[in-house]
Amino acid sequence: MSSSDQNPAPTPASGTGGTAPPPGRPTTVSSQAIDMGAQVMQPLKPVRQMKQHACSFALYAHDMRRQIEVHHFVSRLNQDVLQCAVYDSDKPSARLIGVEYIVSDAIFETLPPEEQRLWHSHAYEVKAGLWTDVGVPEMLQSSEMARMAKTYGKFWCTWQVDRGDRLPLGAPALMMSPQAVEPGRVRPELVRDRDQRCKVDSSACGLKAERVEMEEPEWINPNADYWRLHGKGFAVDVTEMKQHAPFP
């Protein structure tokens with residue numbers, strides 16, 4: 001199954017809506033006890049490095065009419081590299097739907113062109129008030145947003161909840177960032193719904209106005225946001241696995 005397969009074959013794991021829970025039995029008391037004990041005894045060091053919760057939107061590279069709200073839980077490897085666990089909401093029952101890696105423009109420029117084509121820019125997403133640290137006053141996050149505007153991301157979606165999948169099905173899908181031109185514009189109703197629930201104002205009088213003076217990148221590498229110049233995106237196809245792989 002490819003990532004561009006919008007209608008997966010009917011299975012017990014496929015549903016008709018994006019909110020249906022995954023198949024499976026209720027969590028038992030013994031499993032809950034193990035989870036609670038492990039939480040106390042284990043350091044969970046990588047998880048505890050997640051310091052930020054950012055909310056934005058993403059579009060499927062192979063079909064940009066499909067757009068979803070995404071919640072990034074961000075850990076910083078260093079000043080130039082971030083890694084994000086991406087969920088479909090910020091609820092306790094949220095589903096882990098993918099991962100995004102974010103690098104500074106300096107690192108992005110060192111990547112080969114064929115790799116750069118898989119990445120997207122963040123300048124418009126930030127300046128338009130779409131990407132925001134939920135609950136953090138703009139005054140406190142302004143410097144972080146200025147840095148974010150000069151970064152690039154590569155986001156793989158592994159669970160296409162918007163088509164009703166109750167489990168991660170098919171190949172990963174490459175995601176793109178919102179842009180100011182069609183078909184990259186986020187649907188206004190998605191933004192309004194997010195803003196209302198998260199108490200965010202991304203309107204022309206809100207975050208967009210506060211960020212209007214934010215310094216923009218001197219240039220955005222044209223290899224990023226590949227669809228803007230070429231009118232097409234990327235989809236992953238899974239082919240039959242070979243019985244023997246070359247070694248080394």
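User: Which residues gather in a patch of negative charge on the surface?

Analyst: In this predicted model, Asp80, Asp105, Glu109 and Glu218 form a surface patch of negative charge. One of them, Asp80, lies in the loop between strand 2 (63-78) and strand 3 (81-87).

User: Is Asp80 buried, partly exposed or exposed?

Analyst: Asp80 counts as partly exposed, because its relative accessibility is 32%. A residue is called buried under 20% and exposed over 50%, with partly exposed in between.

User: Which residues form a nonpolar patch on the surface?

Analyst: The nonpolar surface patch consists of Leu44, Val47 and Met50, which together have about 240 Å² of accessible area. Val47 belongs to helix 2, which covers residues 45-48.

User: I should now like to read the salt bridges. What is the general idea, and how many does the structure hold?

Analyst: Side chains of opposite charge can pair when their charged atoms come close. The structure holds 15 salt bridges. One of the pairs is Lys127 with Glu216, with a distance of 3.7 Å from N to O. This pair links distant parts of the chain, its two residues being 89 residues apart. Lys127 is in helix 5 (residues 123-127), while Glu216 is in the loop between helix 8 (207-210) and helix 9 (226-230).

User: How should the accessibility of Lys127 and of Glu216 be read?

Analyst: The two residues are to be read separately. Lys127 has 13% relative accessibility and therefore counts as buried. Glu216 has a relative accessible area of 49%, so this residue is partly exposed.

User: Which residue forms a salt bridge with Arg197, and how far apart are the two in helix 7?

Analyst: The partner of Arg197 is Asp193, and their closest N and O atoms are 3.2 Å apart. Both residues lie in helix 7 (residues 188-198); because they are 4 residues apart there, about one helical turn separates them. Arg197 is partly exposed at a relative accessible area of 44%, and Asp193 is also partly exposed, at 39% relative accessibility.

User: Which residues are linked with Asp193 and Arg197 in a network of salt bridges?

Analyst: Glu69 is linked with Asp193 and Arg197 in such a network.

User: Which residue forms a salt bridge with Arg194, and are Arg194 and Asp195 buried or exposed?

Analyst: Arg194 forms a salt bridge with Asp195, and the closest N and O atoms of this pair are 2.9 Å apart. Both Arg194 and Asp195 are buried.

Terms used
Residues numbered from 1 in each chain as written. Predicted model: local features only at pLDDT ≥ 70, side-chain atom pairs only at ≥ 80, totals over all residues. Heavy atoms only, no water. Patch = residues over 30% accessible without salt bridge, like charges linked within 9 Å, V, L, I, M, F, W, Y side chains within 5 Å. Areas by Shrake-Rupley, 256 points an atom, 1.4 Å probe, with all protein chains shown as cover. Salt bridge = Lys/Arg side-chain N within 4 Å of Asp/Glu carboxyl O. Buried < 20%, exposed > 50% of the residue type's maximum accessible area, 1.4 Å probe, protein only. Lys, Arg positive; Asp, Glu negative; His and termini not counted. Charge placed at Lys NZ, Arg CZ, Asp CG, Glu CD.
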